[in-house]
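Here are a few friendly notes to read alongside the model. I have kept them to two helices and what they touch.

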Amino acid sequence: MTVEELDTQERQAFLEWRRNLARLEENEKLVITPFEKNLEVWRQLWRVIERCDLVVMVVDARNPLFYRCPDLEAYVKEIDENKTTLLLLNKSDLLPVAIRKKWASYFDELGLDYIFWSAKTATAKLEGKDDDQDLDEADDGDVPVLGREELLASLQVRAEGIRQRRSAGQEEKADSSFDTSSSVMDTEKRVAVGFVGYPNVGKSSTINVLVGEKRTGVTSTPGKTKHFQTLIINDKLMLCDCPGLVFPSFTSSKADMVAAGVLPVDKMTDYRGPIQVIANQIPRRQLEETYGLLLPKPKPYEDQNRPPTAAELLKSYAQSRGYVASRGLPDETRSARQMLKDYLNGKLLYCHTPPDDDTTSDDESNDDDEEAVDEGGVHSDDVDDLSGEEDEEYEEREEEEEEGSKTTTGTGESNLKARLDGIFRDVDLNASKSQGAKAVKPKKALHKMQKKAPRKKDRSWRVKDDESDGMARVKGISVSVSYGAAR
């Protein structure tokens, strides 16, 4: 296959894929999140997958299922059955040991290969700034967070195993479209490991730690890496850094993607949506203790355990930090950016649990609901009592009306005539009152009743009896002229 034929086929396949997504969005009424629409970026991903033996999908350990892409795993298997995908759970130092054990058991049930890792901790250890006591507390024998040397050895062993299985079990097929990539990989001495995933999950940071020096650009803004890079670790291992791609999704929203760091925080236009995502996840007490602020309490008629709204949270944060915008209003945009960065850096810590996990904090929340009654509020039992009293009063009124209706219906036409007379009498009274109200004029205020002296009109323009013709006079200034110079 020539280069031109490959380019044409990739363009056609990519356009057909985008058309199918558009049809799903129109026909099925689905909402697709923003995703990468540049063909060149997708080609970087394809080249990395074709070139590497082991594909490492880097995900954020706080919410692994949000960053995991099962379709990418299926595509890796389509390229080569012997290739496998490894989940590298970055930022695992932010997870408690109990949560790591739950995720480990969940991935074991699905049959996925995974490794817990922390690029930040490994970087600090490489620079000599780590605290051994904190690392020992975060580490556990069953679900350890691997270090730099352990991760390199684990990646090399997995990649070499894939290379051996391919060379032993796969027969050479000259007519296969994927033989070119496999033959190239077999001829190379080094095994290749590619790092793929969403933007801003720590791919470049992980590679810099594994290399031992800064070889790729690292920043908190998504989309720093533009092209894939190959880095040689030793004679047997080579790493490939792929640009981060935003995959299309039907389950998440744009606000979730901004809060997760997939979309740039500094370029967001709607900041209340991502802040509401944070407010729904972080408890009210933790927000107040972290930032040292006091959030407004819910109204008596609202749910006392509802999360704070984005407007309440942003306004309280801006007032506590002194962020003021134009006209003296709280600067909510600056507050939203700072809070989102704190959420991404781990200052506001929130960890998701596996979907099949039944152990939640509902018991604790119920205990708090029973004990916590705000000042001026009404408890649920009191509301039931009040509603019962209102029902009794309503029933008594209905009984009285029924008795009155029974007594009036028995008298017949006389009662009907009396009713009509009373209605007409009321109408006449109302009409007379309205006419009387119209006849009486309201009194004017005292300051309006005072008479003002009439102004004298300027009649100087009129013709006077001064033997003039009434035309406007033009005043002139006589200037002496010297005729000597002219002569």
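1. In helix 15, the buried residues (under 20% relative accessible area, 1.4 Å probe, protein chains only) are E332, S335, A336, M339, L340, D342, Y343 and L344. This is a predicted model, where local features need pLDDT of at least 70 and side-chain atom pairs count only at pLDDT 80 or more, while totals for chains, interfaces and linings use all residues. Residues are numbered from 1 along each chain as its sequence is written, and side-chain values use heavy atoms, leaving out hydrogens and water.

2. Helix 15 covers residues 332–345 (helices are DSSP runs of H or I, at least four residues, and strands are runs of E, at least two, numbered from the N terminus). At its start, a side-chain oxygen of D331 reaches to within 3.4 Å of the backbone nitrogen of R334; just after the helix, G346 takes a positive phi of about 100°.

3. The buried residues of helix 15 pack against helix 11, helix 12, helix 13 and helix 14. With helix 14, the axes (lines fitted to C-alpha atoms over the stretch in contact, with angles from 0 to 180 degrees between N-to-C directions) come within 9 Å and cross at roughly 95°. That makes the two helices roughly perpendicular (65 to 115 degrees).

4. The contact (heavy atoms within 4.5 Å) brings A311, L313, L314, Y317 and A318 of helix 14 to E332, S335, A336, Q338, M339 and D342 of helix 15.

5. Turning to helix 2, N38 caps the N-terminal end, with a side-chain oxygen 3.3 Å from the backbone nitrogen of E40. Its buried residues, including W42 and W46, pack against helix 1, helix 4, strand 4 and strand 6.

Note on methods. Buried means under 20% relative accessible area, exposed over 50%, partly exposed in between (1.4 Å probe, protein chains only). A polar contact is a pair of N or O atoms within 3.5 Å; within protein, one must be able to donate a hydrogen and the other to accept it, and residues adjacent in sequence count only if both atoms are side-chain atoms. Angles under 35 degrees count as roughly parallel, over 145 as roughly antiparallel, 65 to 115 as roughly perpendicular and the rest as oblique.
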